[in-house]
Protein chains: 2
Amino acid sequence: MKTSRPLVERLIIEANRLTRIAALATGTTTPAAIWRTLSILSTDGSMRVGDLARASRVTQPTMTKLVQSLAEDDLILRIADVEDSRAWLIAATPKGVAALDAWRVELGEALQPMFADLSPAETETLEKAMVILESRTALATRIAQTARTRKVA
Amino acid sequence: MKTSRPLVERLIIEANRLTRIAALATGTTTPAAIWRTLSILSTDGSMRVGDLARASRVTQPTMTKLVQSLAEDDLILRIADVEDSRAWLIAATPKGVAALDAWRVELGEALQPMFADLSPAETETLEKAMVILESRTALATRIAQTARTRKVA
DNA sequence: CTAGCTATATAGTTTTGCTATATACTTTTG
DNA sequence: CAAAAGTATATAGCAAAACTATATAGCTAG
């Protein structure tokens with residue numbers, strides 16, 4: 001283990017580990033692609049199939065099929081885009097948001113034992129760190145979204 | 001967005017988001033399974049195919065095939081287990097560790113802009129939070145490993 | 001209005017990962 | 001200690017997922 005690893009690098013390593021440990025701790029077999037898609041819609045709002053595919057790092061045909069399957073389960077819905085009738089806006093339904101939320105609760109509970117014995121000072125440090133992280137990731141997704149080649153009105 | 005979400009839950013949500021954003025920012029097409037496997041071996045040391053499969057959340061035959069392909073690229077090597085000649089110990093090679101490290105550097109650099117303007121106080125908060133996180137995830141993987149049904153000598 | 005461009009859908013193929021099972025070795029038991 | 005039962009990995013065959021290529025429909029520029 002390098003001692004001189006930059007902070008941001010340590011951050012992404014721990015993020016990957018936490019993600020892996022949490023998935024391991026819950027017994028769910030639901031494909032990660034479903035949660036990833038619902039997470040993106042939940043944080044970034046409704047968007048087109050193509051944008052969703054890019055954000056989720058799959059090809060557009062793959063996302064089209066995933067969206068079809070999610071729509072069948074009423075987890076998302078497809079709204080006609082008034083500005084461009086070729087496109088659809090994909091939005092999470094209340095049921096979809098609830099399913100995502102339940103999964104997050106499950107993940108949180110699975111990780112809980114690891115953090116059960118945090119001291120008040122440690123809890124405060126993590127709370128502060130979360131506020132910082134949350135502000136940065138919120139910014140990042142906005143950048144990613146505008147990266148789409150979009151006509152300026 | 002819930003305001004009353006528990007700390008641990010916010011943590012896993014941000015971990016997922018960071019993982020997603022970082023993957024998006026780099027253009028790599030290398031399957032995630034490869035990095036996941038190398039990460040596990042790197043942090044938890046050499047282990048058997050079966051344990052590696054469980055840790056990586058794939059079936060044993062899938063891991064057998066992945067291990068074969070990684071061995072062909074000299075990213076891992078298979079050591080005979082002296083205690084049980086049915087089993088192999090899988091270990092990351094120096095080349096494997098280097099590849100993992102390069103990928104982590106790339107992820108870190110991709111996220112760098114998001115964190116370029118941290119104040120000294122914010123940096124310190126994140127540094128402290130990382131120390132806490134690193135100690136907890138280190139603990140967690142040890143627990144997962146002993147969870148294997150292992151004969152006591 | 002036509003030519004070219006863009007958004008999503010479909011078809012067909014490749015890849016990935018699964019279940020079932022075989023093989024080799026270890027452990028338990030009578 | 002030999003036979004039976006159990007465990008670790010490997011292989012075979014199949015199912016699911018995701019890709020490339022392309023079709024279809026709608027938009028936009030000249």
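Of the atoms of DNA strand C that lie within 4 Å of the protein, 62% are sugar or phosphate atoms, and the rest belong to bases. The model is predicted, with local features requiring pLDDT of at least 70 and side-chain atom pairs pLDDT 80 or more, while totals for chains, interfaces and linings use all residues. Residues are numbered from 1 along each chain as its sequence is written, and side-chain values use heavy atoms, with hydrogens and water left out.

DNA strand C is surrounded by 21 residues (a heavy atom within 4 Å), the closest being A:Q60, A:R78, A:R86, B:T62 and B:S85. An N or O atom in the side chain of A:R86 sits 2.3 Å from a base oxygen of the strand. Phosphate oxygens are approached too: one is 3.2 Å from a side-chain N or O atom of A:T64, and one is 3.4 Å from a polar backbone atom of A:W88. By class, the surface near DNA strand C comprises 8 charged, 7 polar and 6 nonpolar residues.

Turning to the protein partners, chain A and chain B each bring 59 residues to their contact (heavy atoms within 4.5 Å). Together they bury about 5,900 Å² (accessible area lost on being put together, 1.4 Å probe, summed over both), 66% of it on carbon and sulfur atoms. The interface holds 10 salt bridges (a side-chain nitrogen of Lys or Arg within 4 Å of a carboxyl oxygen of Asp or Glu). One joins A:R10 to B:E127, whose closest N and O atoms are 3.0 Å apart. On the side of chain A that touches chain B, 29 residues are nonpolar, 12 polar and 18 charged.

Technical notes:
Chains lettered and ligands numbered in written order. Polar contact = N/O pair within 3.5 Å; in protein donor to acceptor, adjacent residues only side chain to side chain. Nonpolar A, V, L, I, M, F, W, Y, C, P; charged D, E, K, R; others polar. Buried area = accessible area lost by both parts, 1.4 Å probe.
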